[in-house]
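Dear colleague,

Please find below the sequence and structure that I am handing over to you. My notes on the findings follow.

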Amino acid sequence: MTKLEALRNCKTLGDLATLIGYKPKSLSFILYKIPQQNKYKEFSIPKRNGDLRKIKAPIERLKLLQRHLANLLNECYDEINKNTHSLSHGFRKNHSILSNASKHINKRYVFNLDLQDFFPSVNFGRVRGFLIKNKHFNLSEKVATVIAQIACHENELPQGSPCSPIISNLIGHLLDIRMVNLAKKTKCTYSRYADDLTFSTNNKNFPQKIALTKNENKWIIGDYLRKEITNLGFKINENKTSLQYKISRQTATGLVVNEKPNIKREYYKQARAMCHELFKTNNFHYGNKDQQIVGTINQLVGIVNFIYKIKRPHDTDKTSKRRFHPTAITRLYRQLLFYKHFFANDNPLVICEGKTDIIYLKCALSELKNPNIDLDLRFLNMTKNFKDVLAISQGISGLVSIIEMYENHMKIFKAQGKKHPVIILADNDSASEAIKNKIKQMAVHSIIMLIIYISPLFLIKKGKLLKICFIKLLLI
């Protein structure tokens, strides 16, 4: 039985609770015993345009319940749309603004419009009615009511709830069907990312059912499109409507799509300027001229990672040569990673040869913890993305590559740093000869690292496999 079939078979609150892994009493307590005013915490975060976005974040118990329900509805959504082309690219696995923008490359016209108050426009009655009347769900009134009670707050989908994205996609799918039918009739391409709708075409003239011009620079939404959107209960944000010609810069969900999906030039320049400020002063600022906000290193890593993910597919260098001939964004990302992990680290950093070494070492340190010794270590997690950016592999060859790149990357930082050592751990075997040879080739003063070789001893203690390391110090 599929998840969708199991959900259809639910007739009571208890049935739904069991399906999402809850006891009926626990689900009832969260819904009906916790006071409504205590279920959410409200705060605001700034948008890119300077306006504030109101967030309603559920308390932890409610958030966990909503996440369980969201997982169930996501499985149902994938089951319903498994044989159809992707129309919605927001809040979905293997979908992003990149997959959305890729639909509109090399088009004569690109038309964008924005739905106003996307989540708040979906209220309790719409959620409940959709789950009852939709042919795919056709749920009992009791179960539909409970789901709407879990998902809604103050008669709307709150921004901050794990349920809001998937429910907005389910209800938004009705809009997608109408829009794609209109696109087919007018020979356009359609896609949606959350509240951003995009139409594009190579027609000589842009179809007036979708948009028409008042003058050379002002385009308005066509009556047919406006009627379709409003009939489904959505509002149009008139201030975010635009049509872009081939001879100008065309964008879809913030990405340039004239020839290939790309980052806006000014966005990349701003990220580069923030990195250079960080490397010189240990701080950076973002925002407009009137309001400069001090950023965090993780925020900047997220920005640069986003740019890298967009530009990475267009990196024309061969993989085998990418470490020696990196593109500009790859160089910037490498510098930022070296700054974060090796230059401005808050604790001694340990880099291990193998993936399981970190687990063994943490177990050993936990069992042998001495209150008189402060070993507040951090272990480097060589993620797939980390290895891709540095163009290195796991194991000894990867450690050698880090040593090779270390000096060139560290010398560009002018701020105060290197307060804690970077420790490389490798087994004392023949494979580690590559590290020893690399050390001999380099000047000792140029390596601000602690190189250690270990011989592991496996012990069974209290039913746990521990890797106790006998450490031999070779070079400081």
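A disulfide is here a pair of cysteine sulfur atoms within 2.5 Å. By this rule, the count in this predicted model comes to zero disulfides. Two of the cysteines may be placed as follows. Cys 188 has a relative accessibility of 12% and therefore counts as buried, the limit being under 20%. Cys 275 is likewise buried, because its relative accessible area is 0%.

Turning to the interior, the largest nonpolar core has 71 residues. Helix H8, spanning residues 163-185, gives the most to this core, with ten residues. The residues with the most contacts inside the core are Leu 7, Phe 111, Phe 137, Phe 199, Leu 225 and Ile 229. Leaving aside residues up to four places away in sequence, Ile 229 touches Leu 113, Leu 115, Leu 175, Met 179, Leu 197, Phe 234 and Ile 236. A second core, separate from this one, has 52 residues, including Val 301, Ile 307, Tyr 308 and Ala 426.

Ala 426 also belongs to the covered strand E15 (residues 422-427), where six of the six residues are buried. In a regular strand, side chains alternate between the two faces of the sheet. In E15 both faces are covered: Val 422, Ile 424 and Ala 426 are buried on one side, and Ile 423, Leu 425 and Asp 427 on the other. Strand E13 (residues 349-352) pairs with E15 in the parallel sense over four bridges. Within this pairing, Ile 424 of E15 is the bridge partner of Ile 351.

Yours sincerely

Notes. Residues numbered from 1 in each chain as written. Predicted model: local features only at pLDDT ≥ 70, side-chain atom pairs only at ≥ 80, totals over all residues. Heavy atoms only, no water. Core = buried A, V, L, I, M, F, W, Y, C linked by side-chain atoms within 4.5 Å. Buried < 20%, exposed > 50% of the residue type's maximum accessible area, 1.4 Å probe, protein only. Helix = DSSP H or I, 4+ residues; strand = E, 2+ residues; numbered from the N terminus. Contact = heavy atoms within 4.5 Å. Pairing = 2+ DSSP bridges.
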